[in-house]
Amino acid sequence: EYREPEERVFQIGNLRIKCTYSSDGELAVICSGRREGFWICFECGTAFAERRENEHRTPYGNRCSSPLRGPFHLGHVFKTDILSISIESTNYLMEFDKSFWHSLLYAILEGVSQALGIRRGDLDGCLHPSDRGMTLVLFDKVPGGAGHVKRIMNEENLKEVLKATLSI
């Protein structure tokens, strides 16, 4: 059953923070291998991160001489709880480079963990560029979601997370 994303805007000091939570979130997880992708045998199912000769060993140790095809980038869809955070009120934030946003993202993840007592390994995040700047995307690492990131949608919890983030 599909549920509409929940959206809230918080005014904290000079910051206008827009949070969008979805319990039906989907992330695409892509693994591209080393540089060029994976080389796959469609006969036996084995895959290599580097191009090789066609003769190879199967996952069961037998020899296979079917051609390897590629390169392919492998991926899957991961369904979980997702929280998007965008800071809307400050134009100067758009001037920061990606390293700033990565630092902020990981500081917030640590802040969430500390302030809300959530194991850091149960959360993760990524960046999503948009025309208005960068959006921080936090998500539960538990398949199907555990409701961890939803707890940030409460103004008091968000303030505690930001205080912990600032101390980090």
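Two strands count as paired here if DSSP finds at least two bridges between them. Keep that in mind as you click around this predicted model.

**Zoom out first**

Show the whole chain as a cartoon. You should find 2 helices and 10 strands, following the pattern β-β-β-β-β-β-β-β-α-β-β-α along the sequence. The C-alpha trace spans about 65 × 35 × 30 Å along its principal axes. The radius of gyration is 21 Å, whereas a compact globule of 168 residues would come in near 15 Å. Color by accessibility if you like: 37% of the residues count as buried.

**Strands 1, 2 and 8**

Select residues 6–12, which make up strand 1, and then 15–31, which make up strand 2; the two run antiparallel and are joined by 7 bridges. Look across from E7 and you'll see T20 of strand 2 standing opposite. At the hairpin, 2 residues sit between the strands, and G13 takes a positive phi near 60°.

Now show side chains for E7 and K18. They meet in a salt bridge at 3.8 Å, N to O. This pair ties together distant parts of the chain, with K18 in strand 2 and E7 in strand 1, 11 residues apart. K18 counts as partly exposed, at 23% relative accessibility. While you're at strand 1's end of the chain, add E6, R8 and K150: these three are linked in a network of salt bridges.

Next, add residues 74–87, strand 8. Strand 2 runs antiparallel to strand 8, with 13 bridges between them. For a landmark, pick A28, which stands opposite V77 in strand 8.

**The sheet of 3 strands**

Hide that and bring up strands 3, 4 and 7. They form an open sheet in the order 4-3-7, paired antiparallel. Strand 4 (47–48) and strand 7 (68–72) are the edges, each pairing on one side only. Strand 3, residues 38–41, is joined to strand 4 by 2 bridges, and I40 stands opposite A47.

Stay with strand 7 and select F72, which lies in it. Together with F42 and L74, F72 makes a nonpolar surface patch of about 270 Å². F72 counts as partly exposed, at 32% relative accessibility.

**The cysteines**

How many disulfides does the count come to? The count is 0. Try C44: the nearest cysteine sulfur, that of C41, is 3.6 Å away, and C44 is in no disulfide, because a disulfide needs the two sulfurs within 2.5 Å. Then jump to C31. Its closest cysteine sulfur is in C126, 16 Å away, so a bond is ruled out by distance. C31 is partly exposed, with a relative accessible area of 41%.

**The helices and their salt bridges**

The structure holds 9 salt bridges, and two more are worth a stop.

Select E110 and R120, whose side chains meet at 3.3 Å, N to O, in a salt bridge. E110 sits in helix 1 (residues 98–116) and R120 in the loop between helix 1 and strand 9 (123–130), 10 residues apart. E110 is partly exposed at 31%, and R120 is partly exposed at 24%.

Finish on helix 2, residues 155–167. Which side chain does E160 meet in a salt bridge? The partner is K163, at 3.6 Å, N to O. The two are 3 residues apart in the helix, so about one helical turn separates them. E160 counts as partly exposed at 37% relative accessibility, while K163 counts as exposed at 54%.

Conventions: Residues are numbered from 1 along each chain as its sequence is written. This is a predicted model: local features need pLDDT of at least 70, side-chain atom pairs count only at pLDDT 80 or more; totals for chains, interfaces and linings use all residues. Side-chain values use heavy atoms; hydrogens and water are left out. Helices (H or I, at least four residues) and strands (E, at least two) are DSSP runs, numbered from the N terminus. Buried means under 20% relative accessible area, exposed over 50%, partly exposed in between (1.4 Å probe, protein chains only). Patches are made of residues with over 30% relative accessible area and no salt bridge: like charges are joined within 9 Å, nonpolar side chains (Val, Leu, Ile, Met, Phe, Trp, Tyr) within 5 Å. Accessible areas come from the Shrake-Rupley method with a 1.4 Å probe; for residues, only the protein chains shown count as cover. A salt bridge is a side-chain nitrogen of Lys or Arg within 4 Å of a carboxyl oxygen of Asp or Glu. The radius of gyration is taken over C-alpha atoms; the globule rule is 2.2 Å times the number of residues to the power 0.38.
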